[in-house]
Amino acid sequence: MTHDDTMEKLISLAKRRGFIYQGSEIYGGLAGTYDYGPLGTALKNNIKNLWWRKFVNGRDDMYGMDAAILMNARVWETTGHVAGFADPLVECTKCKKRFRADQLEDRTKCPECGSVLGPERQFNMMLSTRVGAMEDSSSVSYLRPETAQGMFVNFKNVIDSFHPKMPFGLGQIGKAFRNEITPRDFIFRLRELEQMEIEYFVRPNDWERAFEEWRVAMGEWLDLVGINRAITHEVEIDPADLAHYSKRTIDFEFEYPFGQKELYGLAYRTDFDLASHAKASSVDLAYLEEDGTRFVPHVIEPSFGVDRTILAVLLSAYTEDELGGSPRTYLKFHPRVAPIKAAVFPLLKNKPELVAKAREIYLTLKKEIPQVAWDDNGNVGKRYRRQDEVGTPFCITVDFDTLGENAELKDTVTIRDRDTGEQKRVSVSELTNLIKTAIL
Ligand code: ATP
């Protein structure tokens, strides 16, 4: 199996089984956008909830935020995005196709038609829009290219409401928009994307300790969500290549089938953002210690792309093997991210007493664990394969023994493990706990 095969197979599975669809597909799509279907949405929500639990609710030094996507244009003038959030663009002199210069192997020849490429220029990736009824320059606003600034501009609000002790952080999950020159590789490079970001405020001399703590926490996250650590690498960015606001950055890179590329970033942003906003807005953004010392906090920023997380989780889970002598494809999700935690089947669909018992068990489970599904299509073997393909960790079958045909087995069901295909009999009363323990 070649690498290209994996992406094709994954994209096709994702579409066929309702994870991810091309955006606006019936109109021919819109480049750089994808829509999450029912199972993709469930997977995404599980991932975002886990992140929120680990990094916001699970800590007492973190505060959650949900800032507006549209912000005063001055925010982006201050940060340097309006002037400089750009990638190098080259255009073919003949076919007029545009490319990102730093992604071309040969910067002189068009990779599509072989003609000469024009000169390199900077292309700004901010997506602009107009806000309000006036059509003059004062109405220009931008769709945020990162969630980060929504937290910096609210730094003072949070301080005033909560008086947090140093160090503390803000966390936010939300959409961001970048007019990427060449969106590509499925949900890797999008024009509409989602981020989970943290701005962690520290005393200036404490940044190294906090940076290390977050580096470790980001590694733990990979395990929590089921991203294969063996093909994830921490890459220290060369000081010469650092963004203008950063004094140290580590990229977490993942071996995607199309190459080793960025998954997440961890950056030490110094006091760049708060100091710039304080100067431009004339609002004091210093922190006042109990002993009266004032300073502008420095910032450690762990930044996670939601869509790249989903891609890395899907690629880590995608497995082909043989079970019972026939090949199968399945998603080996950790139960905590699996969109469906368990599926309940009646052994036979045309036996009302089996169906009634199975429905009863299904509805009882669903009250406690909402992500439980009902499946009575085709035979049990087909149902197993279908559930394997969407990564359901447990399949529960209600048979005649459940009804008491064999008195000893009354009120027991079979529960099948997705990865091994092994089945065991457990009592119906144990089911909720068994599944709840697995998805913790
Ligand atoms: P790249 O070098 O791949 O363009 P970046 O360095 O510009 O990424 P950051 O600005 O650090 O990315 O953004 C933080 C995170 O947001 C990235 O680590 C990634 O997970 C995600 N991200 C950034 N751009 C995109 C995009 N176009 N599509 C999907 N996710 C993205």
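Strand β14 gives the most to the shell around the ligand, namely 4 residues. The model is a predicted one, and the ligand and its surroundings make a handy way into it. Besides β14 (259-270), the elements that put two or more residues into this shell are β11 (192-202) and β17 (298-305). The shell holds 14 residues, and those that come nearest to the ligand are E180, R189, L190, E262 and L263. Sorted by class, it's a mixed bag: 5 residues are nonpolar, 4 are polar and 5 are charged.

Polar contacts to the ligand turn up from both backbone and side-chain atoms. On the backbone side, an N or O atom of L263 lies 2.6 Å from a ligand oxygen, while L190 places a backbone N or O atom 2.9 Å from a nitrogen atom of the ligand. R178 joins in through its side chain, with a polar atom 3.0 Å from an oxygen atom of the ligand. As for how much of the ligand gets covered, it exposes 590 Å² when taken alone, and the protein buries 81% of that area.

So much for the ligand itself; next comes the space around it. The ligand takes up space that is the largest pocket. Rolling a probe the size of a water molecule over the atoms is a way to show where empty space is left. For this pocket, the volume comes out at about 1,600 Å³. Its lining runs to 49 residues, and F85, R178, Y245, D251 and E262 are the ones that lie nearest the pocket centre. Two of these names have come up already: R178 has the side-chain contact to a ligand oxygen, and E262 is among the residues that come nearest to the ligand.

Several elements give two or more residues to the pocket lining: the helices α4 (81-84) and α9 (306-317), along with the strands β5 (86-91), β11, β13 (248-256), β14 and β17. Here too β14 has the largest share, with 8 residues. By class, the lining splits into 19 charged, 18 nonpolar and 12 polar residues.

Two spots in the backbone are also worth a look. Most peptide bonds are trans, and most residues other than glycine have a negative phi. The bond from M166 to P167 is cis, however, with omega near -10°. P167 belongs to the loop between α6 (155-162) and β10 (168-177). The other spot is D185, which isn't a glycine yet has a positive phi of about 60°. D185 is placed in the loop that runs between β10 and β11.

Methods. Residues numbered from 1 in each chain as written. Predicted model: local features only at pLDDT ≥ 70, side-chain atom pairs only at ≥ 80, totals over all residues. Heavy atoms only, no water. Near = heavy atom within 4 Å. Polar contact = N/O pair within 3.5 Å; in protein donor to acceptor, adjacent residues only side chain to side chain. Areas by Shrake-Rupley, 256 points an atom, 1.4 Å probe, with all protein chains shown as cover. 1 Å grid on protein atoms, 1.4 Å probe; cavity = no way out; pocket = protein on both sides within 12 Å on 5 of 7 lines; lining within 4 Å. Sits in = over half its atoms within 2 Å of the grid points. Nonpolar A, V, L, I, M, F, W, Y, C, P; charged D, E, K, R; others polar. Points joined across faces, edges and corners; volume = space filled by probe spheres on them.
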